[in-house]
Amino acid sequence: MEHTRKIQFATPEDAEALLEIYAPYVRDTAISLEEQPPSAEEFRSRIARTLSRYPYLVLRQDGQTAGYCYASAFHPRSAYRYSAELSIYLRPECRGQGGGAALYRQMEELLRAQGIQNLYACLAFTDRPDDPYLSDASLRFHTRQGYRLVGRFLQCAYKFGRWYDMIWMEKALGSHPPVPGEFVPYADMHKN
């Protein structure tokens, strides 16, 4: 089935629609290791904070908000400014249709323009194939996007009465020049 798909820049006004997508990941899965969904006000604040430094994208598919993706600091110290962490969430019925890959392609293009050289994804992980709260879908998605496994923290998160591992995946975006260009905050790229 052919879908009409549009990727747009998020604004804080998207908070309620994006929270509608995110909250079930918090309540019903170990994909997000938050244990309570944030309020709409907190979510709006998170979007605004992200947009001051990094892109935040929304996927509109067939007229509905289908998912979103954003970048964040890999680490707060300034020497890490050429690295970013990505997060992505899609409505369950929109997974497996190419929207997630499209969001990541667009995000990578924007982050390259900012001078980002490395991308990271931090994922909850379990070896249990029958876990009702977590599958290996995030690992498979990131592998298809060119990420490779670089680290695993064993039983470091506890949710739903069970322990979960965390894995870190990495993708190089740039060539790592000896003297990189200056990092440009996302908000500065779009000033008039």
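A residue is called buried when its relative accessible area is under 20%. This tour of a predicted model uses that term at several stops.

**Strand S4.** Begin by selecting residues 83-90, which form strand S4. Eight of the eight residues are buried, so the strand is largely enclosed by the rest of the structure. In a regular strand the side chains alternate between the two faces of the sheet. Colour Ser83, Glu85, Ser87 and Tyr89 for one side of S4, then Ala84, Leu86, Ile88 and Leu90 for the other; both faces are covered.

**The partners of S4.** Next, add strand S3, residues 64-73. S3 and S4 pair in the antiparallel sense, with seven bridges between them. Within this pairing, select Ala73 and locate Ala84, its bridge partner in S4. Then select residues 118-125, strand S5, which runs parallel to S4 and is joined to it by three bridges. Here Glu85 is placed opposite Tyr120 of S5. Follow the chain from S4 through H3 to S5: this path is a β-α-β crossover, and it is right-handed.

**Helix H3.** Now select residues 99-114, the helix of that crossover. How far apart are the end C-alpha atoms of H3? They lie 23 Å apart, which agrees with the expected span of 22 Å, because 16 residues are counted at 1.5 Å a residue. Highlight the buried residues of H3, among them Gly99, Leu103, Tyr104, Met107, Glu108 and Gln114.

**The end of the helix.** Finally, select Gly115, which follows H3. The phi angle of Gly115 is positive, near 100°.

Notes:
Residues numbered from 1 in each chain as written. Predicted model: local features only at pLDDT ≥ 70, side-chain atom pairs only at ≥ 80, totals over all residues. Heavy atoms only, no water. Helix = DSSP H or I, 4+ residues; strand = E, 2+ residues; numbered from the N terminus. Expected span 1.5 Å × (residues − 1). Buried < 20%, exposed > 50% of the residue type's maximum accessible area, 1.4 Å probe, protein only. Pairing = 2+ DSSP bridges. Right-handed = clockwise from strand over helix to strand, strands pointing away.
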